[in-house]
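These are my notebook entries on one protein structure. I set down each point in the order in which I looked it up.

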Amino acid sequence: MPLHRMNQVVIGVPDVAKTSEFYRDFNLTECEPGVFATADGGEQLRLVHSPVRRLVELAIGADNPDDVDRVVSQVTALGVEVQRTEDGVAATDPGTGVRVRVELAPRIQQDPVPATPYNGPGRIDRTGRAPGLLEDAPRARPRKLGHVVIGTTALEASQKFFMEGIGFKLSDQVGHAAFFLRCSEDHHNMLLQNAPVQFLHHTSWQVDDIDQIGLGAQHLLSKDPSRHVWGFGRHHVGSNFFWYFRDPAGNFAEYYADMDCIPDDQMWKPQVWEGMRSLYSWGPPPPPSFLRPDDLAELMAGLHSPKG
Ligand SMILES: [Fe+2]
């Protein structure tokens, strides 16, 4: 696939310093004020000031200049204006209001992490104590940015923009209200969902396994239990284990592990999901504020305020 990775998200928040503290606790590495790196993906989060929280920009990596040229002609064919950048192209999706940059980038090289050994009935795959629980076991350090979930006020236009314009592929969908899309071998790098206002629902960050999700959660919640949003559980669409937290601006951030991968498009058949399955396989029931964040009305008002 000519597009191959998520490069970076730029998130606008009212208080960059306060929000930065959350992402430090999330165990992203702060390279300079407001700029955070993952272990394998480099600088993948940039926080900038904005009167209301929002996803300002999303950068996606492409292999070569031909791929960038293709995006230029595809987006232009949709009647959306494009700007050439130093090493790529940028265009704004009319539905989500997100500026999308497609730029040349090296593929993410992830050294294979040895499979976590688990004992099972009649099967001893490890002896001694579980390695994830040893005193010196490292805390979750997110490996890479996995996906973003964004609300669009024009779902059809956004779907066209990201699929026909940028080149995302459809992995699954929830009725006609949400689309799971990928620009890499991960099951999804984006979920586009119908919403009354343009907003960022969550960003999601890959960790090694379920112990890393639990240990990361424990660290975040030991400092502030109100950061908890929803988890621990397992999604059905994408199969990933999940736990969601709230940053001080109101954006959700997810630790995930064990997501479905689609290295061969021919081997995957998109399906339409409805009801509980579209949300999760198991876990505690999602709180209403996960489905409809508490500040949506405020965001809608902010959108129309003179300052907004
Ligand atoms: Fe997610």
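Which residues form one aromatic cluster? I worked from a predicted model, and I found that the cluster consists of Phe22, Tyr23, Phe26, Phe36, Phe232, Phe241, Trp243, Phe245, Tyr255 and Trp282.

**Entry: aromatic rings**

I searched the whole structure for aromatic pairs, and the search returned 20. One of them joins Phe22 and Phe26. Their ring centres are 5.9 Å apart, with 25° between the planes. I noted this pair as stacked, because the angle falls under 30 degrees. I then looked up the accessibility of Phe22 and Phe26 and recorded both as buried.

I also examined Phe241, which belongs to the cluster. Over the face of Phe241 I found Arg234, at 4.0 Å from the ring centre.

**Entry: the iron ion**

Next I asked which protein atoms serve as donors to the iron ion. I listed NE2 of His147, NE2 of His202 and OE of Glu254, at 2.1 to 2.2 Å from the ion. Along the chain, the spacing of these donors reads H-x54-H-x51-E. I then located two of the donors, His147 and Glu254, in the secondary structure. His147 belongs to strand S9 (residues 144-152), and Glu254 to strand S16 (residues 252-257). The two residues are 107 apart, and the pair thus links distant parts of the chain. I checked whether His147 and Glu254 are buried or exposed, and I recorded both as buried.

**Entry: the sheet**

I then traced an open sheet of 8 strands. I wrote down its order as S2-S3-S4-S1-S5-S8-S7-S6 and its pairing as mixed. At the edges I found strand S2 (29-32) and strand S6 (82-85), each of which pairs on one side only. On average, neighbouring strands of this sheet are turned by 25° against each other, direction ignored.

As a reminder, I noted that strands of a sheet pair through backbone hydrogen bonds, in either a parallel or an antiparallel manner. I looked up one pairing in detail: strand S5 (residues 54-62) runs parallel to strand S8 (residues 99-104), and the two share 6 bridges. In this pairing I saw Ala59 opposite Arg101 of S8.

**Entry: helices on the sheet**

Helix H2 (residues 65-77) packs on the sheet, and I listed its contacts as S5, S6, strand S7 (88-92) and S8. The direction of helix H2 makes about 160° with that of S6. Finally, I looked up helix H3 (residues 155-166), which lies across strand S1 (3-13), S5, S7 and S8. Helix H3 runs at about 15° to S8.

Definitions and conventions: Residues are numbered from 1 along each chain as its sequence is written. This is a predicted model: local features need pLDDT of at least 70, side-chain atom pairs count only at pLDDT 80 or more; totals for chains, interfaces and linings use all residues. Side-chain values use heavy atoms; hydrogens and water are left out. Donors are N, O and S atoms within 2.8 Å of the metal (3.2 Å for Na, K and Ca); water is not among the atoms, so sites may look incomplete. Helices (H or I, at least four residues) and strands (E, at least two) are DSSP runs, numbered from the N terminus. Buried means under 20% relative accessible area, exposed over 50%, partly exposed in between (1.4 Å probe, protein chains only). Rings of Phe, Tyr and Trp (its six-membered ring) pair if their centres lie within 6.5 Å; planes under 30 degrees apart count as stacked, over 60 as edge-to-face and the rest as tilted. A charge sits over a ring if NZ of Lys or CZ of Arg is within 6 Å of the ring centre and within 35 degrees of the ring normal. Two strands pair if DSSP finds at least two bridges between them. Axes are lines fitted to C-alpha atoms, for helices over the stretch in contact, and angles run from 0 to 180 degrees between N-to-C directions. Contact means heavy atoms within 4.5 Å.
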